[in-house]
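This briefing concerns helix geometry, strand pairing and nonpolar packing. The sequence and structure follow.

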Amino acid sequence: MIDRAAVDTPSVLFVCVHNAGRSQMAAGFLTQLSAGAVEVRSAGSLPADRINPVAVAAMAEVGIDIATQVPKVLTAEAVQQSDVVITMGCGDVCPVFSGTRYLDWDLDDPAGQDLPAVRPIRDEIRRRVEALLDELLPARSGGEQLTSRARRAGAGPGCRRR
């Protein structure tokens with residue numbers, strides 16, 4: 001297990017029910033936009049067999065390839081190793097650990113929707129990921145970065161805990 005307090009790289013876990021749409025798109029955006037400065041994970045409470053092909057197509061339109069990603073099951077270990085856990089419609093099944101920040105993003109589910117309907121979901125996810133990234137890595141926007149250790153000690157913006 002990783003000692004998150006000793007690592008300055010923030011870690012984010014995106015969680016949705018099937019880990020096939022919203023959480024995969026969010027992970028794709030954060031992976032690309034952070035350029036490796038954030039450790040990114042995604043998981044689902046009831047993972048699907050494959051990534052939603054419409055989510056794959058929507059992300060391909062903005063130059064991000066998530067086609068090779070595989071839905072993963074949510075584990076307590078993944079939550080415990082993350083500084084920030086962002087749920088998207090399955091917050092009640094996510095284990096809660098002290099020192100982890102929890103956010104719930106209320107987003108439409110792209111499952112069963114066509115590409116024109118998924119585009120606004122994708123764009124809203126990107127907007128939220130960019131705001132999260134500015135908070136995690138404020139140097140991007142001229143601020144000072146909080147390390148994982150400082151966040152665990154309670155410094156910085158308030159954490160919403162369930």
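What span should the 22 residues of helix α4 have, and how far apart are its end C-alpha atoms? At 1.5 Å a residue (times one less than the number of residues), α4 (residues 115-136) should span 32 Å, and its end C-alpha atoms are 30 Å apart, which agrees. The model is predicted: local features need pLDDT of at least 70 and side-chain atom pairs pLDDT 80 or more, while totals for chains, interfaces and linings use all residues. Residues are numbered from 1 along each chain as its sequence is written, and side-chain values use heavy atoms, without hydrogens and water.

**Helix α4**
- Buried residues of α4 (under 20% relative accessible area, 1.4 Å probe, protein chains only) include Val118, Ile121, Arg122 and Ile125.
- Seen down the axis of α4, the buried residues fall within an arc of 140 degrees (directions from the axis to the C-beta atoms), so they line one face of the helix.

**Strand pairing**
- Strands β1 and β2 (residues 39-44) run parallel and are joined by six bridges (pairing requires at least two DSSP bridges).
- Cysteine 16 stands opposite glycine 44 in β2.

**Nonpolar cores**
- The largest nonpolar core (buried Ala, Val, Leu, Ile, Met, Phe, Trp, Tyr and Cys joined through side-chain atoms within 4.5 Å) has 30 residues, and Val12, Phe14, Ile86 and Trp105 have the most contacts inside it.
- Helix α4 gives the most to this core, with seven residues.
- A second, separate core of ten residues includes Leu13, Val15, Val79 and Cys94.

Definitions and conventions. Helices (H or I, at least four residues) and strands (E, at least two) are DSSP runs, numbered from the N terminus. Buried means under 20% relative accessible area, exposed over 50%, partly exposed in between (1.4 Å probe, protein chains only).
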